Amino acid sequence: MPDFGRAAVMGVVNVTPDSFSDGGRHLDPDRAIARGLELVAQGADLIDVGGESTRPGAERIDAATEIARIAPVVAALSAAGVVVSIDTMRPDTAEVALAAGARVINDVSGGLADPALPKVAAAAEVPYVVMHWRGHSADMQSRAVYADVVAEVAEELRRQVDAVIAAGVAPGQVIVDPGIGFAKTGAHNWTLLAHLSEFRSLGPVLIGASRKSFLGTLLAGDDGAPRAADARDDASAAITAIAAAAGVWGVRVHEVKANADAVRVVAAIQAAR
Ligand code: PMM
């Protein structure tokens with residue numbers, strides 16, 4: 001597990017036509033590669049490349065389409081020395097990405113969508129992000145029902161972690177993620193963010209809150225219209241500071257600059273304690 005002495009900044013490059021945050025902007029491989037390099041120049045420690053949108057309501061695409069989108073981007077960024085994580089639920093896509101140089105697997109299903117994926121992570125001996133997940137995006141919001149969201153997400157995530165370790169992933173390679181926005185309402189997201197330290201006993205924690213719709217709701221204008229996705233970056237950086245102060249391993253963000261500064265500010269304050 002790379003340790004940067006502060007929270008890691010994972011920059012997002014979605015090679016998709018339909019991600020809510022940056023969909024369509026980086027579908028062309030050259031633009032996606034340039035964006036990844038730009039985020040590294042701005043201070044990203046690693047780049048998360050994804051070819052399948054997981055926004056609420058998204059339908060799945062086939063593996064061949066996903067692979068065609070991510071392969072040239074993973075290969076070019078890896079060749080340029082960038083640490084690439086592959087955001088996929090599919091073992092075939094992960095295998096192609098690893099062969100192209102990816103060094104981390106980010107599975108938003110945390111091993112549940114395809115039990116072969118944890119085995120790929122185990123064989124490759126790479127860090128494996130296990131995100132809390134209750135089912136595919138098409139209908140996941142119908143599963144946003146909790147009596148105690150912190151306790152239930154922690155318990156379900158613990159079971160997911162146990163399963164991937166049983167599949168052969170070394171415990172030291174597991175990164176956990178409570179899955180902000182995945183089968184969660186805005187209120188659930190805020191409660192999880194208010195209790196991040198409770199997830200640390202499960203492993204290093206990654207948080208992906210950047211630009212998500214609960215921020216659009218929080219920052220809605222007087223007319224009630226949600227703030228646009230690309231105008232949520234200051235709020236995302238505020239969450240980064242709070243998450244870093246709560247001791248997370250890393251944050252997954254679309255705009256790197258302010259987040260890279262925020263994690264350095266928090267590290268300086270922690271060092272001065
Ligand atoms: N969120 C999205 C995609 N991948 N991966 C992890 N580990 N955690 C997340 O919260 C997460 C993720 C959805 O956001 P996007 O469509 O902007 O990529």
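The legends below describe close-up views of a predicted model.

**View 1. Residues around the ligand.** The ligand is surrounded by 17 residues. Those that come nearest are Ser 21, Asp 177, Lys 212, Arg 252 and His 254. Sorted by class, this shell holds six nonpolar, seven polar and four charged residues.

**View 2. Polar contacts of the ligand with Asn 106, Asp 177 and Lys 212****.** A side-chain N or O atom of Asn 106 lies 2.8 Å from a nitrogen atom of the ligand. For Asp 177, a side-chain N or O atom is 2.7 Å from a ligand nitrogen. The side chain of Lys 212 places an N or O atom 2.7 Å from an oxygen atom of the ligand. On its own, the ligand has 420 Å² of accessible area, and the protein covers 98% of this.

**View 3. The second largest pocket and its lining.** The space in the second largest pocket is about 210 Å³. Its lining consists of 18 residues; Arg 6, Ala 7, Gly 247, Val 248 and Trp 249 lie nearest the pocket centre. By class, 11 of the lining residues are nonpolar, four are polar and three are charged. Helix α9, residues 257-271, gives the most to this lining, with four residues.

**View 4. The open sheet of eight strands****.** The strands run in the order β6-β5-β4-β3-β2-β1-β8-β7, and their pairing is parallel. At the edges of the sheet are β6 (174-177) and β7 (206-207), each of which pairs on one side only.

**View 5. Pairing of strands β2 and β3****.** Strand β2 covers residues 46-50 and strand β3 covers residues 84-87. The two strands pair in the parallel sense over four bridges. Val 49 has Ile 86 of β3 as its bridge partner. In the order of the sheet, β3 stands between β4 and β2, and β2 stands between β3 and β1.

Conventions:
Residues numbered from 1 in each chain as written. Predicted model: local features only at pLDDT ≥ 70, side-chain atom pairs only at ≥ 80, totals over all residues. Heavy atoms only, no water. Near = heavy atom within 4 Å. Polar contact = N/O pair within 3.5 Å; in protein donor to acceptor, adjacent residues only side chain to side chain. Areas by Shrake-Rupley, 256 points an atom, 1.4 Å probe, with all protein chains shown as cover. Nonpolar A, V, L, I, M, F, W, Y, C, P; charged D, E, K, R; others polar. 1 Å grid on protein atoms, 1.4 Å probe; cavity = no way out; pocket = protein on both sides within 12 Å on 5 of 7 lines; lining within 4 Å. Points joined across faces, edges and corners; volume = space filled by probe spheres on them. Pairing = 2+ DSSP bridges.
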